[in-house]
Amino acid sequence: MVCFRLFPVPGSGLVLVCLVLDSGKATCLYAKWQMNFTVRYETTNKTYKTVTISDRGTVTYNGSICGDDQNGPKIAVQFGPGFSWIANFSKAASTYSIDSISFSYNTGDNTTFPDAEDKGIITVDELLAIKIPLNDLFRCNSLSTLEKNDVVQNYWDVLVQAFVQNGTVSTNEFLCDEDKTSTVAPTIHTTVPSPTTTPTPKEKPEAGTYSVNNGNETCLLATMGLQLNITQDKVASVININPNTTHSTGSCRSHTALLRLNSSTIKYLDFVFAVKNENRFYLKEVNVSMYLVNGSVFSIANNNLSYWDAPLGSSYMCNKEQTVSVSGAFQINTFDLRVQPFNVTQGKYSTAQDCSADDDNFLVPIAVGAALAGVLILVLLAYFIGLKRHHAGYEQF
């Protein structure tokens, strides 16, 4: 067995590669994939916290096997005491299947789960039954999400083949349904060879409508025009996202929601929303990894943002241009924005909170202050006029 861990993009997930070998040193099972896990748990003060498990250091693969007449192939991954992940496979006459996935986590780990009320190892089992033709390599670059018992499992950039024939991984690919949508690269509009020069603003990007489903119901809606401002290696670029060639996936939970956009050049552009104070939502995190025109990969992650704040049960709307500053090297300009990551009803937006309300809130104290200042000036003028007349009366007398 030859398994190893690649270095992940910060803030993304575990990047894993595994070659399981038989007794003759031939590959019988091949897999490469990225994954992370989001777990919601109760704390000792009866509140709830959400943590994302994506990087826990050393990874081992004890128990990964090719399989035999009694047991099918299996990939087993361990990434810390009490944290493990297992995928089981089986074979039929002309197909093989990814039967199930099992994920275990340890709430007794105080570093990952501070102040957890219940301590112990918890296991979540998911039945999949994904059927793939024998001797085909399964590919799924799109985000796949499994949700059960306060745990969300995210998988992407998946390549896997069980029951490898003659030790050679197949070149025939079997795509997941999400990857069967063809995409075209977005247009790179300008490149400026100076880090201090702002690229010339381009035309307003076309607004696209994106959605995420939970089962048969829409759980997240977003409409927006997106313009990416990127600086890498002293070169600044402006990229307008074409919604007609951009695919959306994601996941929805009670306290977190993910919208992931991808295309042939955008590996992922993630918008992660969260609930605060149990009554409002906001944009908490943005992660991006994409190919630039020179062939290099640009990757940035920031999980400490605070944009697009609105009450739960409503949507957030802003028709004017806004800028989400992810880092000094990456900003997103949004146009004609409307987003609702929680409590979507019948696939429609709820009443919107407009960003102009924020401007109004800013102008109110200015207007009140100006009015008070005006009143004060009138009072002072009246006082001095009255005082002057009073002195004039004395002089006449």
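This section describes the disulfides and one nonpolar surface patch of a predicted model.

Residues are numbered from 1 along each chain as its sequence is written, and side-chain values use heavy atoms, with hydrogens and water left out. In this predicted model, local features need pLDDT of at least 70 and side-chain atom pairs count only at pLDDT 80 or more, whereas totals for chains, interfaces and linings use all residues.

The structure holds four disulfides. A disulfide is here a pair of cysteine sulfur atoms within 2.5 Å. Three of the links, those of C28 and C66, C219 and C252, and C318 and C355, are described in turn.

C28 is joined to C66, with an S to S distance of 1.8 Å. The torsion about this S-S bond is about -85°, so the disulfide of C28 and C66 is left-handed. C28 lies in strand β3 (residues 27–42), and C66 in the loop between β4 (48–53) and β5 (74–78), so the pair ties together parts 38 residues apart in sequence. Helices (H or I, at least four residues) and strands (E, at least two) are DSSP runs, numbered from the N terminus. C28 has a relative accessible area of 11% and is therefore buried. Buried means under 20% relative accessible area, exposed over 50%, and partly exposed in between (1.4 Å probe, protein chains only).

The sulfur atoms of C219 and C252 are 2.0 Å apart in their disulfide. This link of C219 and C252 is right-handed, with 75° about the S-S bond. It connects distant parts of the chain, 33 residues apart: C219 sits in strand β15 (residues 217–232) and C252 in strand β17 (residues 247–252). Both cysteines, C219 and C252, are buried.

C318 and C355 also form a disulfide, with sulfur atoms 2.0 Å apart. The torsion about their S-S bond is about 70°, so the C318 and C355 link is right-handed. C318 belongs to strand β23 (residues 315–318). C355 lies in the loop between β26 (352–354) and α1 (356–396), and the pair links distant parts of the chain, 37 residues apart. C318 counts as buried because its relative accessibility is 0%. C355, at 3% relative accessible area, is buried.

On the surface, I377, L378, L381 and I385 make a nonpolar patch of about 400 Å². Patches are made of residues with over 30% relative accessible area and no salt bridge; nonpolar side chains (Val, Leu, Ile, Met, Phe, Trp, Tyr) are joined within 5 Å, like charges within 9 Å. A salt bridge is a side-chain nitrogen of Lys or Arg within 4 Å of a carboxyl oxygen of Asp or Glu. Accessible areas come from the Shrake-Rupley method with a 1.4 Å probe; for residues, only the protein chains shown count as cover. L378 is in helix α1. L378 has a relative accessible area of 58%, so this residue is exposed.
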